[in-house]
Amino acid sequence: MTTIVGVHGIGKYHYYEDAGGSAGGAAETMRLKWNGYLHKGLTGQTAGKAPDYFAEVAYYAHHLHTGPVKPPRQMDPPAKLVFADWAGQLDGRVRGVAGESLTGLAHRLAEWLVTRFGPEAVRFARDFCPEVATYLGGGDPRTRARDAVADTIRRRRPEVVVAHSLGSVVAYEAFWAHPDLSADLLITLGSPLGMRNVVFERLVPVPVKGRGARPPGVRRWINIADKDDIAAIPDALRPCFEGVERDVSCNIDWLDFHTVRNYLGCATANAFLKPYVA
């Protein structure tokens, strides 16, 4: 069977805690879950042990953990800034007002988010904003997260890498930072790589003249995003990056819009993975 490696997204630190502080244990728990999600998508079956579609899920969440999850108004300033800029991506009319504190802005935007998208959006933000802020803040957390992903890809030598959410950012930078890495196919799911003022301009390497590029070690790049995924803004990456073969839209669940469970379970993703798991 083809070797496939996954790269997880936001909100996965609890697997590390549940595994007693073991990154390997967290990775294995996630691998079994991802196998089950993909198996259900491919076959419709949930009973019994799923085949080992994924050789490993590269785990890095413990490198980005900064403490208990907090509501937006209690986040650290870098996370509040990500929250404000991200909310601006959702609706360009959402912006600060004269004399408003960063905490006040975060509180007001959280109320707006609940009204506009429901409480699930705020729960998403509580994971997304701190982890994005920590990763893009640079230093040891960024290097360690990126190198953890690179180490998994180097060790497993996969033909396919499936990177979800923030994991697509970490995988993108890992391929660029380590030229020895290669994959036949990179599939990004619910990716924020093109998110202006939050992610895109802060990528390493820095985009040139408003364009990023497919890493040299990646032969093909397919991007898949749900039309309601509030992390995948914009949902299409071809306008932002040279070398993206296709942008594919899907409709997984308007309430549960970002989970890897739904992405791996959808026919859109399965159509690209089937040739590698047959």
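Let me begin with Thr 268, which has its place in helix α9, the helix made of residues 267–277. Please keep in mind throughout that what we are looking at is a predicted model. Which residues does Thr 268 touch, once its neighbours within four places in sequence are left aside? The contacts are with Ile 224, Val 248, Ser 249 and Cys 250. There is also a relationship across the chain to point out here, in that Gly 41 lies 227 residues away from Thr 268 along the chain, while the C-alpha atoms of the two are separated by 9.8 Å.

From there I would like to turn to the sheet. Six strands make up an open sheet with parallel pairing, and if you follow the strands across, the order is β2, β1, β3, β4, β6 and then β8. The edges are taken by β2, residues 54–58, and β8, residues 246–250, and each of these has a single partner strand, so one side of each is left without a neighbour in the sheet. On average, and with direction ignored, neighbouring strands of this sheet are turned by 20 degrees against each other.

Now, is β2, as an edge strand, largely enclosed or left open by the rest of the structure? Four of its five residues are buried, so β2 is largely enclosed by the rest of the structure. Its pairing with β1 is parallel and consists of four bridges, and within that pairing Val 7 stands opposite Ala 58 of β2. Further along the sheet, β3, residues 160–164, and β4, residues 183–189, are paired in the parallel sense over five bridges, and here His 164 has Leu 189 in β4 as its bridge partner.

Two helices that lie across these strands deserve a moment of your attention. Helix α6, residues 139–156, lies across β1, β2 and β3, and it runs at about 160 degrees to β2. Helix α7, residues 166–177, lies across β1, β3, β4 and β6, and its direction is at about 135 degrees to β3.

Let me finish with the cysteines, and with the question of how many disulfides a search of the whole structure finds. The search finds zero. Cys 266, for example, is in no disulfide, and the nearest cysteine sulfur to it, 4.5 Å away, belongs to Cys 250, the residue that we met earlier as a contact of Thr 268. Cys 266 is buried, with a relative accessible area of 11%, and Cys 129 is also buried, with a value of 0%.

How values were computed. Residues numbered from 1 in each chain as written. Predicted model: local features only at pLDDT ≥ 70, side-chain atom pairs only at ≥ 80, totals over all residues. Heavy atoms only, no water. Contact = heavy atoms within 4.5 Å. Pairing = 2+ DSSP bridges. Axes fitted to C-alpha atoms, helices over the stretch in contact; angles between N-to-C directions. Buried < 20%, exposed > 50% of the residue type's maximum accessible area, 1.4 Å probe, protein only. Disulfide = S-S within 2.5 Å.
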